Amino acid sequence: MAHADGNPWDYVIVGSGAGGGTLAARLAEAGMHVFLLEAGGDACADGGPRLPDDYDVPGFHAFACENEAMRWDFQVRHYANETRQARDPKYDAGRHGVLYPRAATLGGCTAHNAMIFMRPHDSDWNHIAELTGDDSWRAPKMQRYFERVEACHHRPLWRALRRLGIDTTGHGWDGWLRSERALQRDGLGDEQMVGVVAETARAFTRSLANPLASALRWLRGGAGDPNARRWAWRSFARGSFEGLCYLPLSTAHGRRSGARERLLAAAARHPERLHIETDALATQVLFDAQGAACGVEYLKGPRLYKAHANVNPGPGERREVLARREVILCGGAFNTPQLLMLSGIGPAADLRRHAIALRAELPGVGHNLQDRYEVAVAHVMRRPWQLLEGATFSRGDAPWQRWNATHAGLYATSGAAIGLVRRSGTGSDAAEPDIFCMALPARFEGYRPGFSSVIRDHDDRLTWAVLKAHTVNRAGTVRLRSADPRDMPLVNFRYFEEGDDQAGHDLRAVVEAIRFVRRLTAPLLAAGVIAEECAPGPGVTSDEDLADYVRDTAWGHHASCSCPIGPVALGGVLGSDFTVHGVRGLRVVDASVFPRIPGFFIASAVYMAGEKAADAILQTAAQSGPPAHADVPRR
């Protein structure tokens, strides 16, 4: 078996996404030697069909999800019951699942996401503090990590004022991740779009109990900036953001920016301290004679994981890399629990089933899996969108030429024309806004093969995407399919009644949100701006029928919480410092660490967790002193 390198690496990190990329760069900058494993290549640099445009151009993010150079096609279930599952039009009976796109490339899923950068709610952090007794997770203390990440460029007045020491926004101004507002000037020339935005604002205002007071709170709370620090205005804007908003994007001058750019910049500055090993599929954590994690075994070769759209049938070259200090898993909500279980850490019965020797019994590994529910309220417009004229979502078309010249226009945005945050009041977390609605001038009804082409081929659709956050249901699971590390795990989110939301809070909240969107669009239908509602459709009106529509069509794309922080007795896998319970030298830093899914869009929360983990790891290193050389792993 080959050793990856003779260098004495302090840390071995598995995964280069929002958690792993952030952590690796920060540790290298702090003087540590880091070996980073990424199962994919650097698709943007390596080239391939439609690259680098699918990566760089914000408006092409749907095509990035289906780009064969970097795509992992996970197949997940929403229900164990086959009859119930088969009602979903996105279900592929031949593959026994619903498509769940993941990215296998440098930067992980920050390479194909919609780049929406919204901070989590304060209660998300406070809950972890209460669960663990660790006050470093309290929202005011977590604020430093948001500021460490963000370089805000969508509040220019406040950016100028903060140089004078005036800043109550809570934004970060000097972080490594630039956030921007994609000004959709093209939309101002589209009469239909102007009408949709204006009528949405009017209809929403009419729905408010006290429009004047709400308008004052909205203005003082950031005037549509969902990331403004609400608690800075206690007398006017108590609590989390609510109302109409724009969607800040993690873009730099109109180009995608994320973990990949962070890593490449750190590696360029510190080439001797940060090594990025691509096409490296981690197969198990290695342990020394004392039982501490000391390295990672991996297969070297392209496209080895069977989720890959164009899987490589070759075996790959078996290698290992050793760590003097710690191993940190950052593979995400599906792959991190899989790797833990392959390494003998997880539910004992599941490991016995696959003849894997038990190293640490942690029943919570692969449990508590969560996602947001998302559904579509879709419409046919009276005429095609003017702003989509000439848009083929390919290099060389008119909008691309404008983007290439100015990094502005249609393709500088991820697609949302307007967002709206509200609370449903139907769940146990009603204290927080839990419904996010965004209007897309496109047809998007979830993930299925070819969904990006559907977006491209319809220029007369309006989709209101409805997201349910702070879900009650936390019953999803990630389980091993086999002991073969190349196999995808078995993923079942156990939606709605099949999960642990027996009272139906989540389902009722989504149904109510559909009714709310219909109230917003009713004037546009009456005026003939919208020709018809095509999903759920005008015939779907009763609570029962709407509930069936939600059960049948809901999807998600923010998988998380499958290795949660918390006590073992409550299903926890990690301590508040990201260490794996009962295992020395091993931590997890990715979307799987949260006990409950945070906020509306999880990327910012994972970036913040990566920064917090770096502090915790460096503190441990300072306390433990110089590391010993890594032991040869025990077989």
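**View 1. Asp42 is a buried residue that pairs with Arg260.** In this predicted model, Asp42 has a relative accessibility of 11%, so it counts as buried. Its partner is Arg260, and the two side chains meet in a salt bridge. From N to O, the gap is 2.8 Å. The pair ties together distant parts of the chain. Arg260 sits in helix α12, which spans residues 259-269. Asp42 sits in the loop between β3 (34-37) and α2 (43-46). In sequence, the two are 218 residues apart. Is Arg260 buried or exposed? Arg260 is buried, at 12% relative accessibility.

**View 2. Asp10 and Arg324 form a salt bridge between two loops.** The closest N and O atoms of this pair are 2.8 Å apart. Asp10 belongs to the loop between β1 (2-3) and β2 (11-14). Arg324 belongs to the loop between β15 (317-322) and β16 (326-329). Along the chain, 314 residues separate them. Asp10 is buried, at 3% relative accessibility. Arg324 is partly exposed, with a relative accessible area of 24%.

**View 3. Glu326 in strand β16 touches Asp10.** Glu326 is buried, with a relative accessible area of 7%. What else does Glu326 touch, leaving out residues up to four places away in sequence? The other contacts are Tyr11, Val12, Gly585, Arg587, Ile617 and Thr620.

**View 4. Glu272 and Arg273 make a salt bridge.** The closest N and O atoms are 3.5 Å apart. Glu272 is partly exposed, with a relative accessible area of 45%. Arg273 counts as buried, at 17% relative accessibility. For Arg273, the cut-off for buried is under 20%, so its 17% falls on the buried side.

**View 5. Seven named side chains join into one salt-bridge network.** The members are Arg26, Glu29, Arg148, Arg262, Arg269, Glu611 and Asp615. They are linked through salt bridges that share partners. How many salt bridges does the model hold by this rule? The count comes to 47.

**View 6. Helix α1 packs against helix α19.** Helix α1 covers residues 18-29, and helix α19 covers residues 603-624. Their axes are 8 Å apart and meet at an angle of about 35°. The crossing of α1 past α19 is right-handed. On the α1 side, the residues in contact are Ala18, Gly19, Thr22, Leu23, Arg26 and Leu27. On the α19 side, they include Ala603, Val606, Tyr607, Gly610 and Glu611. Farther along α19, Ala613, Ala614, Ile617 and Leu618 also take part. Arg26 and Glu611 appear in this contact, and both also belong to the salt-bridge network.

**View 7. Helices α10 and α17 cross at an oblique angle.** Helix α10 runs over residues 191-206, and helix α17 over residues 505-526. They pack at about 125°, with their axes 9 Å apart. This angle is why the two helices count as oblique to each other. α10 passes α17 in a right-handed crossing. From α10, the contact uses Gly195, Val196, Glu199, Thr200, Ala203, Phe204 and Arg206. From α17, it uses Phe516, Arg519, Leu520, Pro523 and Leu524. An α-helix has 3.6 residues a turn, so residues three or four places apart point the same way.

**View 8. Val510 is a buried residue of helix α17.** Its relative accessibility is 2%. Which residues does Val510 touch, not counting those up to four places away in sequence? Val510 touches Tyr373, Val375, Lys468 and Val550. Gly364 is 146 residues from Val510 in sequence. In space, the C-alpha atoms of Val510 and Gly364 are 28 Å apart.

**View 9. Helix α13 is mostly covered.** The helix spans residues 332-342, and eleven of its eleven residues are buried. The buried residues are Gly332, Ala333, Phe334, Asn335, Thr336, Pro337, Gln338, Leu339, Leu340, Met341 and Leu342. After α13 comes Gly344, whose phi is positive, near 90°.

**View 10. Residues 332-346 carry a UniProt annotation.** The record, an unreviewed entry, labels them "domain: Glucose-methanol-choline oxidoreductase N-terminal". Over this stretch the chain is 73% helix and 13% strand. Its end C-alpha atoms are 16 Å apart.

Key. Residues numbered from 1 in each chain as written. Predicted model: local features only at pLDDT ≥ 70, side-chain atom pairs only at ≥ 80, totals over all residues. Heavy atoms only, no water. Salt bridge = Lys/Arg side-chain N within 4 Å of Asp/Glu carboxyl O. Helix = DSSP H or I, 4+ residues; strand = E, 2+ residues; numbered from the N terminus. Buried < 20%, exposed > 50% of the residue type's maximum accessible area, 1.4 Å probe, protein only. UniProt positions renumbered as here; feature names shortened; annotations may be inferred. Axes fitted to C-alpha atoms, helices over the stretch in contact; angles between N-to-C directions. Parallel < 35°, antiparallel > 145°, perpendicular 65-115°, else oblique. Left-handed = near helix turned anticlockwise from the far one by under 90°. Contact = heavy atoms within 4.5 Å.
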